Amino acid sequence: MSCNNYCNVYNYDYHTPTEWKYNSEQEITAAEEQRELAQRLTLEADRLFGQAKDSVIKNKLDIDYQSKVKVKDIEYKCKEIEKQKGDLDEEICLLLGYQVRIENANKLLVGDALDVIAECLRLRNCRQSMDLVFDDVEKELLRERELIFGINDQLEELQDKVILQIRKLRTFVYNLTVDLRRKKNTLKIEEQNENLNENNVEISILNNRNIFKPATISTTEWDQFTLDIISAANKVLVDGRPIRAFFDKCLNKMFEDLVSQSAAVDLAFKLRVEEYLEVIEKLNEQRVETVKNVEEVQETIEKMKKAIDDREAYLALAHSRLLNRTRREGVELCRDELELRLYDEVVQLEHDVKSLQNMMAESVECRRRLKQSTARIDVQLQIKQNSLRIDNELCTEQRKRINYRAF
């Protein structure tokens, strides 16, 4: 029975002796090759171990030296950054002082001076009648208000410049701070690396092949980066320092203009008050004279009344006599000398009474006009005294709130 037939009968996959022998020889040959390869690898490993040990020692010494050089370079740059940052912080502090000064000036002008001027104008609008005049005081107050508006615009412009300069400086302070923080972080890393050795590191770190990325910034770019920031910051610092002198000049000029205009307003108030006092004095004198004239006219009217009463009594007497003579009878009722004399007396008395009455009417009218004049003078005195109170008391009290010297 053949082998194939046997396999078919028992349904097994049998090999031949020849195949068995060949397979054994192959296994022995492969094992021998693996043993020889292991020997070669051992020899190569010993060689590489010695070579790697020498290379590690050499690289470690070189890395330690480069690390010290790098640390010194970073420390030097940190000092330069801190010095430049200190200069910027000092300049920012000075500019913040100017900003506060400008804000206080704006508050003084808008919050106090303009309010005082507006209140003075409002009070002066309470003047009455002809005293509500557009005088020199009004002109100087409006001129002062316009000056403050102009100065306020200039202050806002100066403030914008200060804020812009502060922002520029703060930008460089931020850049320097970030750069300084990064360099100090690098120093910490280098210090940490210096304390590391082959015995205190985690071997598991080798399992992560993507734990770090190679640096893409060259040493020249790294060195130039800090130099550029310091150079640009120093340029902004130097260019911005004359701004403070410009601010001082502008603020001093504004102060001088405000003080000068304030003096002009005060002088206008003083002259106006003197005018009021002069007019009030004249009106008082005129009132005294007018009252005196009223009394004199009143006395004249009383005298005229008495004279009219006396003449009317004589007129009544003459009429009575004429009436009695009309009772004569017959030829006795004639126009004799006495009759004519009585008629003449009546005519004369009527003329005198009429003249006195006309004169008294004129005197009464004169008294009425004098009393009207007195009333008008009283009204004018009241108006002038009200205006005097507004300018000499109320407005003067308001003006005390202005203190440009605090500018």
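Contact means that heavy atoms lie within 4.5 Å, and "touches" is used in that sense throughout these legends. The model is predicted: local features need pLDDT of at least 70, side-chain atom pairs count only at pLDDT 80 or more, and totals for chains, interfaces and linings use all residues. Residues are numbered from 1 along each chain as its sequence is written, and side-chain values use heavy atoms, with hydrogens and water left out.

**Figure 1. The whole chain, a run of helices.** The secondary structure comes to 5 helices and 0 strands (DSSP runs numbered from the N terminus: helices are H or I of at least four residues, strands E of at least two). Read from the N terminus on, the order of elements is α-α-α-α-α. The radius of gyration of the chain is 61 Å, well over the 22 Å that the globule rule gives for 407 residues, so the chain is more spread out than a compact globule (taken over C-alpha atoms; the rule is 2.2 Å times the number of residues to the power 0.38). Along the principal axes, the C-alpha atoms fill a box of roughly 225 × 70 × 30 Å. Among contacts in the chain with a separation of 6 or more, 89% join residues 24 or more positions apart.

**Figure 2. Surface and charge of the chain.** About 28800 Å² of the chain is exposed, and carbon and sulfur atoms supply 54% of that area (Shrake-Rupley method, 1.4 Å probe). Of the 407 residues, 28% count as buried (under 20% relative accessible area; exposed is over 50%, partly exposed in between). There are 65 positive and 77 negative charges, and their mean positions are 3 Å apart (Lys and Arg are positive, Asp and Glu negative, with His and the chain ends not counted; the atoms used are NZ, CZ, CG and CD, respectively for Lys, Arg, Asp and Glu).

**Figure 3. Arg399, a buried residue of helix α5.** Helix α5 covers residues 337–399, and Arg399 belongs to it. With a relative accessible area of 9%, Arg399 is buried. What surrounds Arg399? Beyond its neighbours within four places in sequence, Arg399 touches Val116, Ile117, Cys120, Leu141, Glu144, Ser262, Val265, Asp266 and Phe269.

**Figure 4. Ser363 and Ile301, in contact between helices α5 and α4.** Ser363 sits in helix α5, while Ile301 is part of helix α4. Ser363 has 10% relative accessibility and counts as buried; Ile301, at 1%, is buried too. Leaving aside residues up to four places away in sequence, Ser363 touches Val297, Thr300, Ile301 and Met304. From the other side of the pair, and with neighbours within four places again set aside, Ile301 meets Met360, Ser363, Val364 and Arg367. For a sense of scale, the C-alpha atoms of Ile301 and Ala105 are 70 Å apart, with their positions 196 residues apart along the chain.

**Figure 5. The annotated span at residues 273–314.** An unreviewed UniProt entry places the feature "coiled-coil region" here (positions follow the numbering used here, feature names are shortened, and annotations may be inferred rather than shown by experiment). In the model the span is 100% helix and 0% strand, and its end C-alpha atoms lie 61 Å apart.

**Figure 6. Asp248 and its partners from earlier in the chain.** Asp248 lies in helix α4 and is partly exposed at 28% relative accessibility. Which residues does Asp248 touch, not counting those up to four places away in sequence? They are Tyr98 and Arg101. Asp248 and Tyr98 are 150 residues apart in sequence, yet the C-alpha to C-alpha distance is 9.0 Å.

**Figure 7. Two loop residues, Asp336 and Ser129.** Asp336 is in the loop between α4 (219–325) and α5, where it is partly exposed with a relative accessible area of 24%. Outside the residues up to four places away in sequence, Asp336 touches Arg325 and Arg328. Asn392 is 56 residues from Asp336 along the chain, and their C-alpha atoms are separated by 82 Å. Ser129 lies in another loop, the one between α2 (17–124) and α3 (136–194). Although Ser129 is not a glycine, its phi is positive, at about 55°. Most residues other than glycine have a negative phi.

Terms used. Buried means under 20% relative accessible area, exposed over 50%, partly exposed in between (1.4 Å probe, protein chains only).
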